[in-house]
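Reader: Can we go through this one residue at a time? Start wherever you like.

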Amino acid sequence: MPRPFPFLILLALGFPWPGLTASAATPPLLAKAIEQLNSGFDDIALTQRTKVFADDGSVAEERLERYDPALPDHQRWRLLEVDHRAPTPEERQKWETKKNNKPRKKVVKSPAEYLDLDHALLLRETPASALFEVNFRPDAARLIAVDKLAVLISVDKESGAISHIAATLREPLRVALGLVKITDLDFDVGLTPGDEESTPPAGEVRSGSTGRVALSKFGSPMEFRWSDFKRVQSFRRTQEAAAANNPAAPPKAIR
């Protein structure tokens with residue numbers, strides 16, 4: 001996978017994507033929630049369980065990994081288990097060196113820009129919340145088959161913040177120029193209701209939030225599961241804040 005989790009999960013976890021804006025045509029409640037989504041978010045630490053399957057369907061390799069962007073880049077990935085056992089020092093060093101040496105990809109265009117917020121459909125409304133179905137913009141069809149994805153966004157009326165995002169895959173989907181075939185996708189992410197005074201406004205990721213994607217990469221079946229989400233301030237943001245507070249200090253390399 002080019003990133004630790006697919007872009008739908010990045011959206012669900014409230015990453016501070018630039019350019020995610022709501023127009024006048026967006027339902028007002030959803031527009032306010034999107035505004036809060038853009039405010040005060042940092043990065044997400046999580047646990048990833050990776051499975052690589054053999055041709056007969058058995059598990060050929062299984063790893064438990066932890067991603068924590070609060071750490072410097074050369075430490076952000078840690079190998080916790082290999083095939084349900086503690087890794088040897090050699091295994092850990094080899095895997096972590098390879099994983100952490102991969103350069104971060106720059107975000108050129110926000111994945112959320114592909115969402116058709118203006119035509120969000122209100123599915124259900126109660127005195128406490130509203131549930132919207134949000135489809136993808138037609139121009140996103142150049143990258144993905146938008147009709148194969150379903151995204152549901154719940155908004156907490158009291159806080160005005162997004163409280164829950166769920167997504168499923170209606171049928172298999174090819175991405176990365178057809179080199180990767182996503183065969184199953186399911187995630188269920190809740191955010192604790194916050195308010196405009198809290199940081200971040202939408203609160204923390206709820207305990208029990210999970211994500212899963214099954215795919216075939218170059219013909220090899222794989223599965224990724226995510227859990228134990230924790231909102232953190234990224235190491236990069238910490239460095240930037242320190243530099244802003246002490247402009248006379250020489251800049252430090254961000255690793």
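Author: This is a predicted model. Take glutamate 223: leaving aside residues up to four places away in sequence, it touches Arg49, Thr50, Lys51, Phe53, Arg212, Val213 and Ala214.

Reader: Which strand does glutamate 223 lie in?

Author: Strand β11, which covers residues 220-232.

Reader: Buried or exposed, glutamate 223?

Author: Glutamate 223 counts as buried, because its relative accessibility is 8% and the cut-off for buried is under 20%.

Reader: What does the side chain of glutamate 223 make a polar contact with?

Author: The side chain of arginine 225, at 3.2 Å.

Reader: Switching to helices. How many residues does α3 have, and how far does it reach?

Author: Helix α3 has twelve residues, 89-100. From first C-alpha to last it reaches 16 Å, close to the 16 Å expected at 1.5 Å a residue.

Reader: Which residues of α3 are buried?

Author: Trp95, Glu96 and Asn100 are buried in α3. They cover an arc of only 110° around the axis, so they sit on the same side of α3.

Reader: And which ones are exposed on the other side?

Author: Glu90, Gln93, Lys94 and Lys98 are exposed there.

Reader: What covers the buried residues of α3?

Author: The cover includes two strands, β2 (59-67) and β3 (77-82).

Reader: Arginine 92 is in that helix too. Why does it count as partly exposed?

Author: Arginine 92 has 31% relative accessibility, so it counts as partly exposed. That value falls between the cut-offs, under 20% for buried and over 50% for exposed.

Reader: What does arginine 92 touch?

Author: Leu79 and Pro87, again not counting residues up to four places away in sequence. As for leucine 80, its C-alpha is separated from that of arginine 92 by 8.2 Å, and the two residues are twelve apart along the chain.

Reader: Different topic: the largest nonpolar core. How many residues has it, and which have the most contacts inside it?

Author: That core has 41 residues, and Leu30, Val134 and Ile153 have the most contacts inside it.

Reader: Where does the largest share of this core come from?

Author: From strand β9 (residues 180-190), which supplies five residues.

Reader: Back to leucine 30. What does it touch?

Author: Leucine 30 touches Val134 and Ile153, along with Leu117, Ala120, Phe132 and Val155, with residues up to four places away in sequence not counted.

How values were computed: Residues numbered from 1 in each chain as written. Predicted model: local features only at pLDDT ≥ 70, side-chain atom pairs only at ≥ 80, totals over all residues. Heavy atoms only, no water. Helix = DSSP H or I, 4+ residues; strand = E, 2+ residues; numbered from the N terminus. Buried < 20%, exposed > 50% of the residue type's maximum accessible area, 1.4 Å probe, protein only. Polar contact = N/O pair within 3.5 Å; in protein donor to acceptor, adjacent residues only side chain to side chain. Contact = heavy atoms within 4.5 Å. Expected span 1.5 Å × (residues − 1). Arc of directions from axis to C-beta. Core = buried A, V, L, I, M, F, W, Y, C linked by side-chain atoms within 4.5 Å.
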